[in-house]
Amino acid sequence: MTSADPVALAEALIRCPSVTPDEAGALAFCEKVLAEAGFATERVTFSTPGTPDVENLYARCGTGAPYLLFAGHTDVVPPGDAGRWRHDPFSGTIEDGVLYGRGACDMKGGVAAMLAAAIRFVMANPGFGGSIGFLLTGDEEGPAVNGTVKLLEWAKARGERFDHCILGEPTNPKHLGDMIKIGRRGSLTGHLTVHGRQGHVAYPHLADNPVHGMVRLISALLAEPLDAGTAHFAPSNLEMTTFDVGNPASNVIPAEARATFNIRFNDTWLPATLAAEIERRLAAAAGNAVRYEVAFAPTNATAFVTEPGDFVTLVQDAVEAHTGRRPALSTTGGTSDARFIKDHCPVIEYGLVGETMHQVDECARVSDIEALTAIYETVLSRYFMPS
């Protein structure tokens with residue numbers, strides 16, 4: 001197997017059952033491939049009480065500027081019932097031009113394309129003058145506390161400074177040239193509790209039904225939009241995710257009602273300002289009639305955007321050159337490790353088609369993995385050797 005063959009690399013990575021937080025040989029494989037190509041590599045393990053230890057990989061080729069960083073993760077979500085898969089989820093089987101396996105698109109296929117592209121470029125341009133790096137974690141699909149966020153601080157403490165970063169998450173909805181992510185929405189989760197007084201349903205005057213109060217508060221949260229959206233973001237969106245009273249009896253008014261909501265918010269808000277707005281709406285709706293509490297879960301996901309400019313255009317041009325499509329610039333989707341990287345350098349996300357990520361029979365077209373490698377190669381060439 002050649003280290004510059006992205007499909008062979010992807011097959012080998014899928015065969016490592018690296019379900020978060022198990023490294024399962026995936027990072028060791030990446031380290032070996034990069035070290036053989038001349039990259040200086042270091043494996044770093046981080047720990048936090050109450051969370052599993054996580055291995056990470058940092059690699060760099062070159063000492064000069066500019067410094068382009070590739071980032072990604074080798075951990076995957078569990079496969080679920082392996083019997084429902086077309087092929088064993090960790091077999092890395094190719095059938096009819098499609099590579100099957102957990103992580104094929106999210107994101108071992110993307111990692112393989114990055115590795116192959118960087119190795120091909122370094123082999124063809126040994127004196128390119130700048131630096132190419134890799135930041136690979138085993139903690140993206142899990143708590144995300146012992147992975148990229150700590151690896152970035154570790155690198156910074158060593159004096160590493162990055163100019164730009166490409167995160168290889170699967171960004172394309174249907175076709176390889178569909179979309180580049182230039183930012184992400186923030187995420188804020190709230191837990192709402194309404195207090196009542198338990199009693200018999202036939203004697204409601206002797207009780208205080210918290211369900212009525214909860215409906216009142218939820219209605220207030222949903223009555224008005226949080227904002228109208230911004231230049232690069234859709235309007236912020238609040239979704240109720242649970243509503244529970246834990247009441248097994250149909251003839252008892254419960255003592256308490258609980259609900260959870262999540263808000264995916266744009267750059268109108270910070271977590272603190274958004275929480276303050278939610279608290280304002282709840283207080284206004286409750287008045288003196290509803291007794292409630294609201295608590296917000298800690299969040300490290302704030303909205304951010306990498307403003308379009310030369311680097312974004314360079315990547316767009318490379319994608320269009322190989323796919324014939326001009327990719328849209330988007331901030332949709334969930335959170336990613338880009339939320340940590342943006343504090344250290346401008347970051348964009350571009351990878352494979354994500355239709356099957358986290359699903360049974362996750363897969364990626366072989367031709368897409370090869371085309372993504374070519375796109376990354378073109379980015380490297382134009383980045384370090386602009387015409």
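**View 1. The annotated binding site: H73, D106 and E169.** UniProt, in an unreviewed entry, places the feature "binding site" at H73, D106 and E169. In this predicted model, the set clusters in space, with a largest C-alpha distance of 8.7 Å, although the residues are spread over 97 residues of sequence. D106 and E169 from this set belong to the lining of the largest pocket.

**View 2. Surroundings of H73 in strand β3.** Strand β3 covers residues 67–73 and contains H73. The relative accessible area of H73 is 0%, so the residue is classed as buried, the limit being under 20%. Leaving aside residues up to four places away in sequence, H73 touches D106, M107, V111, T137, E140, E141 and E169. Two of the residues listed in the UniProt feature, D106 and E169, are therefore among the contacts of H73, where contact means heavy atoms within 4.5 Å.

**View 3. The side chains of H73 and E140.** The side chains of H73 and E140 are joined by a polar contact of 3.3 Å. E140 is also one of the residues that H73 touches.

**View 4. Surroundings of D106 in helix α3.** D106 is found in helix α3, which covers residues 104–124. With a relative accessible area of 5%, D106 is buried. Its contacts, not counting residues up to four places away in sequence, are H73, V76, E141, E169, P170, M357, H358 and E362. Among them, H73 and E169 are listed with D106 in the UniProt feature. E141 is touched by D106 and also by H73.

Methods:
Residues are numbered from 1 along each chain as its sequence is written. This is a predicted model: local features need pLDDT of at least 70, side-chain atom pairs count only at pLDDT 80 or more; totals for chains, interfaces and linings use all residues. Side-chain values use heavy atoms; hydrogens and water are left out. UniProt positions are given in the numbering used here, feature names are shortened, and annotations may be inferred rather than shown by experiment. On a 1 Å grid over the protein atoms alone, a cavity is a set of points where a 1.4 Å probe fits but cannot get out, and a pocket is an open set with protein on both sides within 12 Å along at least five of seven lines; lining residues have an atom within 4 Å of a point. Helices (H or I, at least four residues) and strands (E, at least two) are DSSP runs, numbered from the N terminus. Buried means under 20% relative accessible area, exposed over 50%, partly exposed in between (1.4 Å probe, protein chains only). A polar contact is a pair of N or O atoms within 3.5 Å; within protein, one must be able to donate a hydrogen and the other to accept it, and residues adjacent in sequence count only if both atoms are side-chain atoms.
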